[in-house]
Amino acid sequence: MRTLFVILLVGVFFALCAPFQEPRAQEAVAEAVRFEAVDIYVDSGDRPLAAYQFELTAKKGKIAIVGIEGGDHPAFKEPPYYDPAALQNDRIIIAAFSTRPDLPKNRIRVARIHVEVTGEVEPEYVVTLTVAASAQGERIPATATVSRGAEE
Amino acid sequence: MKKQTKRALVSLIVLASMAVLAGLFLPSCGRACKETSRAVSHHGMTVEFGKPGGYVPTLEEASRGSVPSLDEELWVIAQAEVPAVEHDEEAPGSGALIATLPETEKEVPVPLKHTDVATSISGYIATTVVTQQFHNPYDGKIEAKYVFPLPQNAAINEFIMTVGERKIRGIIREREEAERIYEEARNQGYVASLLTQERPNIFTQSVANIEPGKEIDINIKYFHTLAYVDGWYEYVFPMVVGPRFNPPGMTDGVGAVARGAHGISGQKTEVQYLRPGERSGHDIALSVEINAGVPIEEIVSKSHVITTNHSALEKVTLKLSPLDTIPNKDFVLRYKVAGKTVKSSLLVHRDERGGFFTLMLYPPENLSTLQRKPMEMVFVLDCSGSMSGRPIEQAKTAVKRALRHLQPDDTFQIIRFSNDASQLGPAPIPATAKNVRRGLEYLSSLHGSGGTMMIEGIKAALDFPHDRRRLRVVSFLTDGYIGNEAQILGEVHKRLGASRIFSFGVGSSPNRYLLDRMAKLGRGAVAYVGLDQSAGEVMDRFFEHVSHPAMTDITVDWGDMRVSDVFPRRISDLFVGRPVIVTGRFKGTGNATVRVRGLVGDEKRDIVLRVNLDDPTVAHAGIPVVWARMKIADLNDQSTYDHDSELPEQIKLVALEYGLMSAYTAFVAVDSLTRTEGEYGTTVAVPVPVPEGVRYDTTVQEH
C-alpha cells in the first residue's frame, strides 16, 4: 500500500511537472538553427541533359533554402533558378536549362542547395524530378537523387 | 501524362525565362543569353597592413586611448607618428585623423574595392548588373556594410554571392526572416550576405565573415524603364547617396555622419562620409550597350567622360573613361534616336498568371501648335545647407530664367525654405516688369544654410487659395536631401488640390526618388539640373513644355479588355514631349480597341489604339515584372498618406510572388560550406565621398 502510494505520488509529480518542462524543451528545440548543403544529382543515362526541374521537400524536419549553387558540369555551373511564387507556399522548385553543345550524360550533380535547418529533427530530404528534357525540348527518362552534405 | 509533361515544361520555361527576362528585350541576345575608422576588432588583435615595407600598426597602437567593444563600429585612424609612405593605410580601431593638405589626399582602407556596372539597353528597358567586390584589407575577420543608391524604379530580381569560384544565388524572403537568417549565419561564422532596401533608391549591402585577404563578390541584377523626353532617352546610374537632413524627432531617416562616427545621427540608416582630403581606394567601372532598334543620332554624357564605339547605326557600346572613376556623382547618359519613333502604343503579355499590359501614352502632336492659358507660377527654393554654393546658384539661375519667360497675364510667387519658410509676398503677384525685378532682387538675397524643413515649403506653396483662371504650377528646386520622404509625399498628396508639381532636381546626385514621386503625385514632370549644366536651358525646355496646353483629365475606355490593377491609379497630364506609361492586368481575347480621352483646354480629344490580345507572335515577358514594380511603387506611395495596416502586407506579397526587392522583402545568401572560426569579427562601414558640389561642413555630422 505504501509502495502504491509512492508510485502514485511520483506519477502525480511527473504529471504536474510535465506541462512546465515540455514547453521549455520545445522552446529550446525551436531555437536550434544550423546550416547545411544538399546536393542534387540527375542521372539521364545515355541521353544528354539540357534541362531539368525538380522539387525539394523534407519529409521530416523544418528547412528553408538560403542559397542555390550550380552543379559540376559546365552546362549547369551557373546557379539555377527558383520559383519565388512557389516558395511562398513552402515549395522549393528549382530549374535550369542549357543550350551548350557539350551536354552532360549519366549521373551529374546539377545543383547544391544551401539549407537552414531549424530544430533537432534530422531532415529527410526528398527530391522529385518534375521533368528532364533534351536539347530538342523533349522529355527524357531520368532520375534524381539527393545527398546531404557536400561530397567534394 | 503528356499534359503533366507539358505543364512541367511550361513551368520550366517560365522559371528559366527569369534568367533571360531582360534578354527577352534584347533582340541581339539570342542563344548566348539563354545559357545559362572604424572596424570593430577583437581586443588585442594585431592589425597588419600588407604594403611591403609599410608601417604595420597594432590595434593597441591604433586604438590608443579608446578601446572598442566587440559590438561597436569604429574606424581606426592612423596615428600621427605613421611614417610618410606612399600609400599608408589605416587599421581598424580608433584615433585621430592625421591632418592632410588638400593636395595630398589620404587614402583610407575600405572593404569595398571596386564596383562594376554593366548595362544593356533595348528600347526603353535597361538591364543592369552591378558587381560589388568586397575584400578584407585588415588582419581580422570583418562584416562589411555598404549603403548605396540604385535607380528609384529599379526592379531588383537577382542577387548572387560569389565566394572564390562558387556562385550562390540569393533567395528573396520576408525582410525580417532574411535578416534573422543572415544574423544566424553570421553569428555561426558562415559567409553570408544580405541586401535590404531602406528607401526605393537606397539599399544596404551586408557581407559577413570576410576573412583577411579574402574577396567576396556580390552581383545585383535589376531592370528599369528609361525616361524619354523630347526625343531623348535618359539612362541614370546613381553612384552615391547624398547627405540627408532629418527633421528633429525622426529616427527612421538616413543619417549623414563622418567616417567613424557610427551611431551619432540616431537614425536607423546611416551613411558615413569621407572627410575633405580623404579618399577611398574604391573605384567604379561602367559600360553600357545600347541597341536602339533605330539609328542613334546623338549620344552624350555631361556628367562623365566616356568613350564610345558604334558597331552599327543603331548600336553603341560605351565605357566610363579610366580618368573618371570616382563614384561621387550620378552617371547620366542621354541619347537621341532618329525620327518620330515614339507613338502611343499598347503592349500585352499573357502567361499562366494571366494577362498584363503596358500602355505608353504620347501627347498628340498638334498640342504644340496651341497656346497655353495664364499660369500661376510658384517657385519653391530649397535654401538649406546642402544647397549652399553652386547648387543654389543653379537653382537661382533657373528661377531667374523662368521669371523672364512669364507673361503679364501670369502671376508668380517665390518661397524659400530651410529651417522655416518665407516668401516674396502674401500672395502671387502679376508678372509685370516691375514685379519681375522685385522677384529678381528677392532671389539675389537668398543663400543656403540650415536644415531642410521641406514640409514648411510644401505648406507655404500648396495651402493658399487657387486662382481658378490660371493653371497653378508649383516648382520645387531642391537636391531632395531629406530623410522624411514619406512624410513629404503624404503632405503633397493631402494638399495638392488643382496644383501641378514640377520638380527640379539640383546637383550632382539629387534624391531622384523624392523628386520623381513628387512630380508623379503632382501630375507634373521632373527635370534635373546638373552642376555643370546650363540651368537656364533646362528652364527654357520646361517652358517649352508648359507653353502649350497639356491633355488633362485623362480617362481610358478599355473596350473588350477587362482591366484591373491599373497603375498609376491617376494618370498624369500629357505635356508636349513627355509620354506617360500605364500598366495593368487584363482578361479578354481577340481584337480590342482602347480609347484614351482627355481635355485640351475645354476641347475633348481622343487617342485610339487597337491591339490583338491573342497575337501569338507577341510576348513581352518583362511586362509582368514592370507591372509588379509599378504596383509596389503605387502601394508605397499610398502608404505615405493612407495608414492602412494591410498595405505593407500587400507590398510584401507582390514582391515575394514576383521575386522583387521591396521595403518588406530582402535577399539573403548563405554559403553553408564556408564556416570561419571564432566571432564574426568587426563591422566596417564603407565610407563614401560627399557628392560633387556638396559641402561636407554644412551637411555631415561630425559629433
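Here is a short chat about how a few labels in this predicted model are earned.

Me: Why are helix 5 and helix 6 of chain B called roughly antiparallel?
Reply: Look at the angle: the helices, residues 390–405 and 433–444 of chain B, pack at about 180°, with their axes 10 Å apart. Angles over 145 degrees count as roughly antiparallel, so helix 5 and helix 6 of chain B get that label.

Me: Which residues make that contact?
Reply: Helix 5 of chain B brings Lys396(B), Val399(B), Lys400(B) and Leu403(B), while helix 6 of chain B brings Val436(B), Gly439(B), Leu440(B) and Leu443(B). By class, that's five nonpolar, one polar and two charged residues. Gly counts as polar, so Gly439(B) goes in the polar class.

Me: What makes strand 33 and strand 34 of chain B a pair?
Reply: Bridges do. A pair needs at least two bridges, and strand 33 (residues 591–600) and strand 34 of chain B have 10, in the antiparallel sense. Val600(B), for instance, stands opposite Glu603(B) in strand 34.

Me: Why are strand 30 and strand 34 of chain B called edge strands?
Reply: Each pairs on one side only. They belong to an open sheet of three strands in the order 30-33-34 of chain B, with antiparallel pairing. The twist averages 20° from one strand to the next.

Me: How do you know that strand 3 of chain A pairs with strand 6 of chain B?
Reply: Same kind of check! The cut-off is at least two bridges, and strand 3 (residues 62–69) of chain A and strand 6 of chain B have two, in the antiparallel sense, so they count as a pair. Ile68(A) has Arg169(B) as its bridge partner.

Me: What else is there where chain B touches chain A?
Reply: In total, 36 residues of chain B are in contact with 34 residues of chain A. Helix 1 of chain B gives the most to chain B's side, with nine residues. That side divides into 20 nonpolar, seven polar and nine charged residues.

Me: What makes Phe667(B) stand out in the largest nonpolar core?
Reply: This core has 218 residues, and Phe667(B) is one of those that touch the most other members, along with residues including Tyr52(A) and Val399(B). Helix 11 (residues 623–641) of chain B gives the most to the core, with eight residues. Leaving aside neighbours within four places in sequence, the contacts of Phe667(B) include Phe159(B), Ile171(B), Leu195(B) and Met661(B). Members of such a core are buried, and buried takes 20 or more other C-beta atoms within 10 Å.

Terms used. Residues numbered from 1 in each chain as written. Chains lettered and ligands numbered in written order. Predicted model: local features only at pLDDT ≥ 70, side-chain atom pairs only at ≥ 80, totals over all residues. Axes fitted to C-alpha atoms, helices over the stretch in contact; angles between N-to-C directions. Helix = DSSP H or I, 4+ residues; strand = E, 2+ residues; numbered from the N terminus. Parallel < 35°, antiparallel > 145°, perpendicular 65-115°, else oblique. Contact = placed C-beta atoms within 7 Å. Core = buried A, V, L, I, M, F, W, Y, C linked by C-beta atoms within 7 Å. Buried ≥ 20, exposed ≤ 12 C-beta atoms within 10 Å, placed from the backbone.
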